[in-house]
Amino acid sequence: MKVHNFSAGPCILPQVVFEKMAQACLDFNNSGTSILEISHRRKDAVEVIDTARALVKDLMNVPETHDVLFMQGGASLQFPTVAYNLLKEGGKAAYAQTGKWAENAIKEAKRFGEIEIVASSKDKNYNYIPKNYTIPTDVDYFHCTSNNTIFGTQIKEFPNSPVPVVCDMSSDILSRKIDVSKFGAIYAGAQKNMGPAGSAVAIVQKDLLGKTGRNIPDYLNWDTHIKKESSFNTWPVIAIYGVMLNLQWLKEQGGVEAIAKINTEKAETVYAEIDRNGLFTGTAETEDRSQMNATFVLNNEILKTEFDELLKEAGVVSLAGHRDVGGYRASMYNALPLESVQVLVEVMKRFEQKFG
């Protein structure tokens, strides 16, 4: 039976990526050695990270003003890294509070200086994206989270800002077209649309660096990784290899513009059924619904066992919602085929026929 994996992350990747990674673990580039045991400075390993970097630049149309660097520690390590690199000694930064990961970013930044929360949706358990807020002119940067995996909300239009915009795009990077030039920095954990867990990417406007007056630890200094071309220390060769393969696959699909159309169709398909089917209710405000993570609940929790059994019979897995929201969460990252969404919708329809 085919499995339809709606995991929120680590998540589904294209089958071809798994196959090539598996082969590389046994024999990388017909070298007789595994990718897990080679030096990160070996020529063909360097080609992996150089290719991955070039693909990010190509697929996202990264301007020459910005550089792409790979680091470890996921997006969570980028929370303090942002402040180290952009928040001046005695300075102030503005943050939008739209979910758990935004909360964590704020918590880390508060260790470095004054943080002003200029917008928050905490009052309604983060089920919407705040709007019509003012970004101060006297802050060093404004930070936002583009997509909230737990609560199923997504920023549709980024605000015009008088200061550099920093965005955590961990769960929707490469899923839709964005103008990188409008951001001072973008960062993302890899384990959604980029590749397997184990690395993070940062896209940084170079002329913003070196102005904080801080003594930054080498590893947390973006400039270190720019100068060392992401090879300051031993980078996770297998993880970056997975990123490279996944980005090659994305380019073969037609790039970000092509995948964005498919992502829109997937989201429209599942939300149409949530709204039509009287047994379910979406948890996020309609205008702020995420294309990556559709969150919804059963109107009658007594029927949960029956619905879960139908999901299991159809091969639908990892649909459980986060404990902060409950219910269900259909995560529809780039590699999830439309067919899987259609299977989920058919299960919801059969459930309605039995219990509606």
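Which residues is L174 in contact with, leaving aside its neighbours within four places in sequence? Select L174 in this predicted model and look for L59, M60, M194, L247, L250, V256, I259 and N334.

Next, widen the view to the largest nonpolar core, which has 55 residues. L174 is among those with the most contacts inside this core, as are M60, F142, I173, I203 and Y241. Then select residues 237-252: this is helix 6, which gives the most to the core, with nine residues.

Move on to the open sheet of three strands, ordered 11-12-14 with antiparallel pairing. Its edges are strand 11 (280-282) and strand 14 (328-331), each pairing on one side only. On average, neighbouring strands here are turned by 30 degrees against each other, direction ignored. Select residues 293-298 for strand 12, which pairs with strand 14 over four bridges. One pair to pick out is F296 with its bridge partner Y328 in strand 14. Now add residues 304-314, helix 8, which packs on the sheet and touches strand 11, strand 12 and strand 14. The direction of helix 8 makes about 25 degrees with that of strand 14.

Last, select the positions that UniProt, in an unreviewed entry, gives as "binding site": A75, S76, W101, T149, D168, Q191, N233 and T234. The farthest two C-alpha atoms are 30.6 Å apart, so these positions do not all gather at one spot. N233 from this set belongs to the lining of the largest cavity.

Zoom in on A75, in helix 3 (residues 74-86). A75 is buried, at 12% relative accessibility, and its contacts beyond four places in sequence are D168, S170, Y187, G189 and A200.

Methods. Residues numbered from 1 in each chain as written. Predicted model: local features only at pLDDT ≥ 70, side-chain atom pairs only at ≥ 80, totals over all residues. Heavy atoms only, no water. Core = buried A, V, L, I, M, F, W, Y, C linked by side-chain atoms within 4.5 Å. Buried < 20%, exposed > 50% of the residue type's maximum accessible area, 1.4 Å probe, protein only. Helix = DSSP H or I, 4+ residues; strand = E, 2+ residues; numbered from the N terminus. Contact = heavy atoms within 4.5 Å. Pairing = 2+ DSSP bridges. Axes fitted to C-alpha atoms, helices over the stretch in contact; angles between N-to-C directions. UniProt positions renumbered as here; feature names shortened; annotations may be inferred. 1 Å grid on protein atoms, 1.4 Å probe; cavity = no way out; pocket = protein on both sides within 12 Å on 5 of 7 lines; lining within 4 Å.
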